[in-house]
Every structure is written in structure tokens, then in C-alpha cells.
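Thank you for asking me to look through this structure with you. Below are my notes, written as numbered points that you can follow with the structure open beside them.

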Amino acid sequence: RHGGSIMPIAVHSEIGRLRSVVVHQPGREIDRMTPSMMQDLLFDDILHGARAREEHRRFQQVLRLFAEVLEVQDLLGEVLADQDRRKLVLADLAATLRLPAPVQERLADLDPEKLAAALVEGLEQPHPEITGSIDSLFLLPPVPNYFFQRDPVIPVGDRLVRGSMATPARLREPLVSGAVFEHHPRFARPDGIFWFHEFRAAWGKNVSYARMRPHIEGGDVLVLREDLLAIGYSERTEETTIERLSEALKKAGSAVRTIIVMAIPHERSFMHLDTLFTQASEGECLCYAPMVLAGGAEEADVYSVDLTQDEISWTPENDFLSALKKRGLDLEPISCGGSDPIDEQREQWTDGANVFAVAPGIIICYDRNERTADELDRHGYEIVRDDDLLLGRREIDPKGGRKYAIQLSTTELARARGGPRCMTMPLVRERLS
């Protein structure tokens, strides 16, 4: 603990009892999305904003039963309320994103709360037109993926890794979140809050290895133990960035000793490692069996990176779970979608494998993944609906030693293609005893 309050950042596992978590309720940034922008903004559909917000509020209420819940846009507003910090943040954004003068002028006129909102919701053109281009509608485009708080900033131990998104649509997210953690008095630290914060705004042809655009998103990074990370080498996180992150963690003296890397096919359905694998309890994980299990029909290649060696190199491993077991983490797989190949694919698509643990063996999942719930039930999880919990018909004692799967009733949030883990950025978890 830190000065009588909760430590600012302490994440040494995926399942330790949650004390503090950051979320973002989807705001006008999802209401301003037009169908022509959908593909660029990584959505498969436009969302019904009012319903998405209602579902997100329920999600936050469930989280509040277990932990402190912080809204990142409120934290940003608090940073921007201080004149000196505000100047730093705006100057940094303007320089990094090469914001044109009219955008800088519009932002400069806004009060802290409206400025925080504009950095997420974007700024509309004075006279929007339909031309098929985002620029004809917005001076500053919205960032509708920002409610997936998992991706822009990644807690590892007591510091952070700032993400660097793989797509132009999400470019601003790590800068906005980064500003919160760098400048907010609760998190700022004189020796720097980031293990790693490489970033380049430029797109286009890569000049050389040294100048390559870094790509790393939080959905691909799982902190399985203080000394053990799992990282997805995916469409959104590339291998040179994993190597540079490994070097940075080693150089800064982090506790990470081993990284297990899963090479994930570059397909829309397998966006991040956490859409294929999440830890549920000390001895169990949810996974998309065809890709994660040895001998699966779509089995992924797996490598280990040893940070204790002088030279960082990738060693091939037999399969993901045996690589973890070799490092003392023995996880029994619970198959997302059960054992039917059709259900497995359907429920992986709707984030059946993407659960968020609020304590060991107490997880939050989507109610639409019914076969996954059957499978959890077979593994001794009591299935509890969010309604029953929020209306007091059921209670969950995080210290009670029983296993629960809390089902969120969502139709809208689930259509945005990201599950409960995607929507949360844990700041503090208790250490596993």
C-alpha cells in the first residue's frame, strides 16, 4: 500500500482479487460513427449508443461490487484542469499527431471537461459533408474503440507499457491514456511510469528495422505471474515490438523473466491473444481449443523468450499450455463453446474465451455464450446473472472459495467485438497468496 491509500499500480497476475480498475463508458464517439467509417474504425456494425451505455453502466455496477471503478475520461479532465499539465498534454498531442492549427485553436478554447470529451469524441467539421471520407465530417475524428480500455495502456507489475496501435483509427488512444498516467498526481512518478512507450505517428513504407512503427495492444499481453507474461504475436502486435519490449523490461530491471509468445493468424476473428485465452482461476483457463490446445485443428506456433539471457532469442515450444506448465503454471483448459466445432467458432467470435476475473475463480462473461456457460458449469462454476447480483437476489463473497461466472446481459456491447477483459484495465490486484 502507498501512503495509506491503494498503490497506484500493482498488477502481478490476471486473477488476483481486483481492487481498482479503469473503464470508459462509450460516449458520443460511438454515436458519431457512420456506416462508411465502420470498416476503418474496426467495427462490424454501428452500435445503438443508448443501449450500449445502459449495458456498460450495468457492467460498471457489477465491477463496483468488487473494486474501485475509475472513468478514464474523468481522470483526463482532472489532468486538464491544471493549466501547466494542460499545456504539456496539448503541446505533446499537437506535435505527435501533427494537429493542424484550426484543430489546435478549437481545442484551446474548451474547458477541461469539454476538452477531455473532445479528445475522445472528436471535433466535427463546421459544415460536415458526405463524401465517404472521415475528414469531410470531422476536424478531429472520434475514437469509438476507446471503451476497450485494455488496449491503449498495459499494466505490468507496478508500471505501464504504453500501447502503439496497429491501425490509424486507434492512433490517439495510447496518447490520451498515456497523458492521464504520466500527469495525474495519483500515478505520476519521478522515475517515469512507463517501462516502454515507443510511438510513431507516421504510416506508410517502413524505412528500416530501427524506424519501424511499433505495434503492441493490451489485448495481446497477459500478466500471468510477476515473472511470466504471455504475448500474442498477431495482426495488432508485431514481433520486433515484442523484442524491443523484452529488451526494455530487462534493461529497466522489471521482474519479468519469461515471455511465452503465441503466433496468431492475422484474421478478424482472432484479434488479440485474449480472444483465444484468458485465465479464470489459479488452475484454469478459458480457451479456444482448436488453436490453443496441442493437436488442435488450427494449433498456433508458440515460442518462449528468456529475458535472463544476454541475447534475446525465440525458442520454439511444443504448445501453449505445456510451455506454461514448464514454467510452473499448470492450467486446465475450459473450452469456449464446449466441444462442438460449430459452437466453438461461434462463441470464440462472440468473445466466449474473453473473460475478466475479479478474483480467482470469479469471472465476468457474456450471457450469449451459452455453450461456454454449460462448460463452466461442468467445471464447478455457479452461473449468476448480473440482474440477480445487482438486485440483491444473489451475493458473491470473493473470499468464499467458490467459483462463479457472472453473466452480463449484452446485445450491443457484444456486437463491438470485444469481451469483458477487453473493456477493463486493472490498476491494482491483490497478490495471490
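The points that follow take up helix packing, then some individual arginines, and then the cysteines.

1. Before anything else, please keep in mind that this is a predicted model, and that the residue numbers I use run from 1 along the chain as its sequence is written.

2. Two packed helices are described by the angle between their axes and the distance between the axes. For helix α3, residues 72-80, and helix α6, residues 112-121, the axes come within 8 Å and cross at roughly 130 degrees. An angle over 145 degrees would count as roughly antiparallel and one from 65 to 115 as roughly perpendicular, and α3 and α6 are therefore oblique to each other. The crossing in which α3 passes α6 is right-handed.

3. Turning to the residues behind that packing, α3 contributes Gln73, Leu76, Gly77 and Leu80 to the contact, while α6 contributes Pro112, Leu115, Ala116, Ala117, Leu119 and Val120. When the residues of this contact of α3 with α6 are sorted by class, 8 are nonpolar, 2 are polar and none is charged.

4. Helix α3 also packs against helix α7, which covers residues 173-183; here the angle is about 60 degrees and the axes are 9 Å apart. This angle makes α3 oblique to α7, and the crossing of α3 and α7 is left-handed.

5. In the contact between α3 and α7, the α3 side is made up of Val72, Leu75, Leu76 and Val79, and the α7 side of Val176, Ser177, Ala179, Val180 and His183. By class, the contact of α3 with α7 holds 7 nonpolar and 2 polar residues, with no charged residues. It is worth finding Leu76 on screen, since this residue of α3 is listed in the contact with α6 and also in the contact with α7.

6. Which residues other than glycine have a positive phi? One of them is arginine 98, with phi near 50 degrees, and another is arginine 417, with phi near 65 degrees. Arginine 98 sits in the loop between α4 (83-97) and α5 (101-108), whereas arginine 417 sits in the loop between α14 (412-415) and β20 (425-429).

7. Are these two arginines buried or exposed? Arginine 98 has a relative accessible area of 63% and is exposed, while arginine 417, with a relative accessible area of 8%, is buried.

8. A further arginine to look at is arginine 268, which is placed in the loop between β10 (258-263) and β11 (277-281). Its relative accessibility is 25%, so arginine 268 counts as partly exposed. Although arginine 268 and aspartate 44 are 224 residues apart in sequence, their C-alpha atoms are 10.0 Å apart in space.

9. How many disulfides does a search of the whole structure find? The search finds 0, and the pair formed by cysteine 285 and cysteine 287 shows how the reasoning goes. The closest cysteine sulfur to that of cysteine 285 is the one in cysteine 287, at 4.7 Å, and a disulfide requires the two sulfur atoms to be within 2.5 Å, so the sulfur of cysteine 285 is too far away for a bond. Seen from the other side, cysteine 287 likewise has its closest cysteine sulfur in cysteine 285, at 4.7 Å, too far for a bond.

10. As a last point on these cysteines, cysteine 285 is buried, with a relative accessible area of 0%, and cysteine 287 also counts as buried, at 0% relative accessibility.

Note on methods
Predicted model: local features only at pLDDT ≥ 70, side-chain atom pairs only at ≥ 80, totals over all residues. Heavy atoms only, no water. Axes fitted to C-alpha atoms, helices over the stretch in contact; angles between N-to-C directions. Helix = DSSP H or I, 4+ residues; strand = E, 2+ residues; numbered from the N terminus. Parallel < 35°, antiparallel > 145°, perpendicular 65-115°, else oblique. Left-handed = near helix turned anticlockwise from the far one by under 90°. Contact = heavy atoms within 4.5 Å. Nonpolar A, V, L, I, M, F, W, Y, C, P; charged D, E, K, R; others polar. Buried < 20%, exposed > 50% of the residue type's maximum accessible area, 1.4 Å probe, protein only.
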